[in-house]
Amino acid sequence: MIKESPSVLILDASAFFIAFPVTEKIMTVPGVVSELKDIKGKARFEVLTSMGLVVSEPTSQSLKKVKEASIRSGDGSVLSQTDIEVIALALDVHGTICSDDFALQNTAQYLDIQIHPLLQKKAEMRRWLFRCSGCGKYYDLMPVDMTCQICGLEVRRKNK
């Protein structure tokens with residue numbers, strides 16, 4: 001008889017500011033730990049650590065897949081490196097991400113990663129386009145410097 005591996009929850013920083021029951025294996029990335037600045041977040045980190053929280057780095061292969069997915073989803077320009085690492089760790093361990101961050105959730109959905117929102121409703125999957133705030137030109141990908149190649153004004157995300 002094959003025993004199923006227990007589910008793994010991957011915690012984003014928002015999970016450290018909310019008390020919720022944890023019965024699964026829990027993990028996070030070092031970047032999330034460094035984001036915990038106030039006493040409540042640090043105290044919750046200590047409690048979860050005593051319950052078996054594992055802090056781990058994702059693989060470089062998963063980081064690459066997440067960056068590619070964030071470009072496809074249109075979220076690459078708004079995800080932090082920590083967000084990318086959280087998604088990559090979930091990809092590595094086939095975990096469920098606990099987060100209320102919509103951009104993080106959206107990119108994770110492009111990779112078929114399960115999401116468990118904490119206080120917000122689950123984000124619907126979106127495909128973003130990018131539009132110049134001046135001339136209105138649309139781009140499939142955010143220009144590297146976030147400015148329009150035609151008029152030089154700011155390019156912004158727009159829901160498709």
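This short talk walks through the sheet, a helix pair and a few loop residues of one predicted model.

Hi everyone, and thanks for coming. Some ground rules to begin with. The model is predicted, so to speak of local features we need pLDDT of at least 70, and side-chain atom pairs count only at pLDDT 80 or more, while totals for chains, interfaces and linings use all residues. Residues are numbered from 1 along each chain as its sequence is written, and side-chain values use heavy atoms, with hydrogens and water left out.

Let's start with the sheet. Helices (H or I, at least four residues) and strands (E, at least two) are DSSP runs, numbered from the N terminus. Five strands form an open sheet in the order 3-2-1-4-5, and the pairing is parallel. Strand 3 (54-55) and strand 5 are at the edges with a single partner strand each, so each has one side without a neighbour in the sheet. By pairing I mean that DSSP finds at least two bridges between two strands.

Now look at strand 1, residues 8-11. Parallel to it runs strand 2 (residues 25-28), joined to it by three bridges; here Leu9 has Ile26 as its bridge partner. Strand 4 is also parallel to strand 1 and joined by three bridges, with Cys98 as the partner of Leu11. Moving outward, two bridges pair strand 2 with strand 3 in the parallel sense. There, Thr28 is matched with Val55, and Met27 with Val54.

Are the residues on the two faces of strand 1 buried or exposed? In a regular strand the side chains alternate between the two faces of the sheet. Here, Val8 and Ile10 on one side and Leu9 and Leu11 on the other are all buried, so to speak of strand 1 is to speak of a strand covered on both faces. Buried means under 20% relative accessible area, exposed over 50%, and partly exposed in between, using a 1.4 Å probe and protein chains only.Next, the helices. Helix 3 (residues 60-73) and helix 5 have axes that come within 9 Å and cross at roughly 105 degrees. These axes are lines fitted to C-alpha atoms over the stretch in contact, and angles run from 0 to 180 degrees between N-to-C directions. The two helices are therefore roughly perpendicular to each other. For such angles, under 35 degrees is roughly parallel, over 145 roughly antiparallel, 65 to 115 roughly perpendicular, and the rest oblique.

Which residues in helix 3 meet helix 5? They are Val66, Ala69, Ser70, Arg72 and Ser73, and they meet Asn106, Thr107 and Tyr110 in helix 5. Contact here means heavy atoms within 4.5 Å. The residues of this contact divide into three nonpolar, four polar and one charged. In that count, Ala, Val, Leu, Ile, Met, Phe, Trp, Tyr, Cys and Pro are nonpolar, Asp, Glu, Lys and Arg are charged, and the others, Gly among them, are polar.

Finally, the loops. Most residues other than glycine have a negative phi. His94 is not a glycine, yet its phi is positive, about 55 degrees. You'll find His94 in the loop between helix 4 (81-93) and strand 4 (96-98), and it counts as exposed because its relative accessibility is 72%. Asp112 also has a positive phi, about 60 degrees, without being a glycine. Its loop lies between helix 5 (102-110) and strand 5 (115-116), and at 69% relative accessibility Asp112 counts as exposed.

What about Asp100, buried or exposed? Asp100 sits in the loop between strand 4 and helix 5, and its 16% relative accessibility makes it buried. A polar atom of the Asp100 side chain lies 2.7 Å from the backbone nitrogen of Leu118. That's my tour, thank you!

How values were computed
A polar contact is a pair of N or O atoms within 3.5 Å; within protein, one must be able to donate a hydrogen and the other to accept it, and residues adjacent in sequence count only if both atoms are side-chain atoms.
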